[in-house]
Amino acid sequence: MNIILTSIDYILNQSRANSLWPLTFATSCCGIEMMQTVASNNDIARFGSEVFRGSPRQADLLICAGTITHKMAPVLLRLYEQMAEPKYVIAMGACTCGGGMFAETSYSVIKGIDKIIPVDIYLPMCPPKPESLIDAIRKLQKEIGKESVLKRKEFLNKHTQRLTESCGMLTDEINVTKLGVL
Amino acid sequence: MNYLYFLYIEFLAKHNIPQLFGDITFYVIPCCIIFAALLIVVLALVLFERKLLGWFTQRKGPNRVGFWGLLQTLADAFKLLCKENITPKGADRFLFNLAPIIIFVPVMVALGLIPYSSEFTFMNFQTNLLIFIVIGAMPVLSILLAGWASNNKYSLFGAMRSVSQILAYELPIAFVILSVAVLASSLNLSQITLAQSSAKGIFGWFGIPCFIGFVIMFICVIAELNRCPFDLPEAESELICGYNTEYSGMRFAIFYLSEYALLFANALLLAVLFLGGYLSPFGKYLSPMIFPPEIGSILVYFEQAFWLFAKSFLIIFVIIWIRATLPRLAAFDLLKFSWACLLPLSILNLFLMVILKYLTGGGYV
């Protein structure tokens, strides 16, 4: 039984880790670095994640590139909820990790997006270089490699519970059907 | 096909299996072959496109999964297979699920109509070409269904754009195909291929006398497939993802793959109509010259299939090249281009071909 489970885990994790399709989502200057990562010098396509999807339904990875203000926060949460499981988040830039240079003086910036959505990888710099974004993606791929189908389910249950607690209104609007392995 | 049929029946008779079994399975086997080949070709095409797009923009393209990135699309397919399926609350559940199911059917039928080699057409009707054109325009039905059932304004916009595009570009295709039918005096794809065979090799193909038609049809095929520079139905900067905005997981994968399957089918049709189908570009086949006659006579069929695939992949290469080069057209320019430019040109082309046919005395050689 364990052999079957681990082999399924291996195949699933490998395929998930190697085709992380990011969502086209950039709120400020970190977005420019993200574009640079896709372009020819730092080719993100080598790791299979150059397929930027416009629709959150088809994306796996939310690279939150840039400052999130209080007005943007509900939008970010909504986008995250619209993404289909399994989904991962990279908090790119100092602003998304903990407010950055807006942490003490600004009235409008959220001090860290982990107050709204769960974050897998933090990438603090202002702004991070393309190399560091690629490094973050590689680290996320390693994290995905350690995942297990059963543990993912646990994580999912805990996570949806937390989401419904903090924003029950939004989750009610989306009707979710679960098919396939998950 | 008859030749293969007798071979198959003979093989079964040797092993004491009744002929009835052979009669039934003979038509099931091609379907399985088409399905398996289609899946492989489509997965290969996705990688082909991503690699080529990488090279055109001086990148490396996917190269980490498997040797040289060969397993990249397999990883994508697995991931999409196991991803969550979301049905939006406002969507029409039945139609929403039906749309991705029916999009693959016309492609499968269309692939059965192509003559892969002189003995190998799965469905050989007298009016193959006509059926292909009718079937080839059907996926737009499922695109419209998807756009309507999603209950999303962007999906609906994308679907509507796709329908208007197909309406505009189907007409020039019809005229071009008429001109090819005039040249070959037939609507059967195998006979159209045979009509292009001559000792002149490349110069006997219909792409030479009917060059205007070839260019027109090439442009129309790109437009029908919703590819750049005519990718208005999926314009990412305007419509998020077009008609498949609300689709996720496997249903989206089916849309994504069917696009490539259609691309492959249309490239095959272009190769058959204008580039001589399964004919060798050298005027005669190479395998009987290289191999001893008893092997060579069988290998000829594979060589014919090889030439057809090589030609269609050349066409696909050019289509991807165009995608990497050109920006997107505006919606009105797109329709104007078809109605005001391509349609008159295709009618002119038809007249030219009729005159050519008349002057060469009934048979263009």
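**Exercise 1. Helix H4 of chain B**

Determine what covers the buried residues of H4(B), and establish how these residues are placed around the axis of H4(B).

*Solution.*
Step 1. In this predicted model, the cover over the buried residues of H4(B) includes helix H7 (139-149) and H12 of chain B.
Step 2. Helix H4 spans residues 93-102 of chain B, and its buried residues are B:Phe96, B:Ala99 and B:Pro100.
Step 3. Because these residues cover an arc of only 85° around the axis, they lie on the same side of H4(B).
Step 4. The other side of H4(B) carries the exposed residues B:Phe94 and B:Ile101.

**Exercise 2. A residue of helix H12**

Decide why B:Ser258 counts as buried, and name the residues that B:Ser258 touches, not counting residues up to four places away in sequence.

*Solution.*
Step 1. Locate the residue: B:Ser258 belongs to helix H12 of chain B, which runs over residues 249-274.
Step 2. Apply the cut-off: a residue is buried if 20 or more other C-beta atoms lie within 10 Å of its own. B:Ser258 has 22 C-beta neighbours inside 10 Å and therefore counts as buried.
Step 3. List the contacts: leaving aside residues up to four places away in sequence, B:Ser258 touches B:Ile103, B:Phe104, B:Val107 and B:Pro139.
Step 4. Consider a pair separated along the chain: B:Leu38 and B:Ser258 are 220 residues apart in chain B, and their C-alpha atoms are separated by 9.8 Å.

**Exercise 3. The nonpolar cores**

Identify the residues of the largest nonpolar core that touch the most other members, and state which helix supplies the largest share of this core.

*Solution.*
Step 1. The largest nonpolar core holds 101 residues, and those touching the most other members are B:Val180, B:Cys220, B:Ala261, B:Phe264, B:Ala265, B:Leu268 and B:Leu270.
Step 2. H12(B) supplies the largest share of this core, namely 19 residues.
Step 3. Take B:Ala265 as an example: not counting residues up to four places away in sequence, B:Ala265 touches B:Val107, B:Ala110, B:Leu111 and B:Gly136.
Step 4. A second core, separate from the largest, has 40 residues, among them A:Leu20, A:Ile68, A:Met72 and A:Cys97.

**Exercise 4. The contact between the chains**

State how many residues each chain gives to the contact, and describe the side of chain A that touches chain B.

*Solution.*
Step 1. Chain A gives 30 residues to the contact and chain B gives 34 residues.
Step 2. On the side of chain A that touches chain B, helix H1 (2-18) and strand E4 (176-177) each supply at least two residues.
Step 3. H1(A) gives the most to this side, with six residues.
Step 4. By type, the residues of this side of chain A are ten nonpolar, twelve polar and eight charged.

**Exercise 5. The two chains as wholes**

Describe the helices and strands of chain A and of chain B, and explain why the radius of gyration of chain B agrees with that of a compact globule.

*Solution.*
Step 1. Chain A has six helices and four strands, arranged along the sequence as α-α-β-α-β-α-β-α-α-β. Chain B has 15 helices and one strand.
Step 2. A compact globule of 365 residues would have a radius of gyration near 21 Å; chain B has 22 Å, so the two agree.
Step 3. Along the principal axes, the C-alpha atoms of chain B fill a box of roughly 60 × 55 × 45 Å.
Step 4. In chain B, 46% of the 365 residues are buried; in chain A, 40% of the 182 residues are buried.
Step 5. Among contacts with a separation of 6 or more, residues 24 or more positions apart account for 78% in chain B and for 80% in chain A.

Definitions and conventions:
Residues numbered from 1 in each chain as written. Chains lettered and ligands numbered in written order. Predicted model: local features only at pLDDT ≥ 70, side-chain atom pairs only at ≥ 80, totals over all residues. Rg over C-alpha atoms; globule rule 2.2 N^0.38 Å. Buried ≥ 20, exposed ≤ 12 C-beta atoms within 10 Å, placed from the backbone. Contact = placed C-beta atoms within 7 Å. Nonpolar A, V, L, I, M, F, W, Y, C, P; charged D, E, K, R; others polar. Core = buried A, V, L, I, M, F, W, Y, C linked by C-beta atoms within 7 Å. Arc of directions from axis to C-beta.
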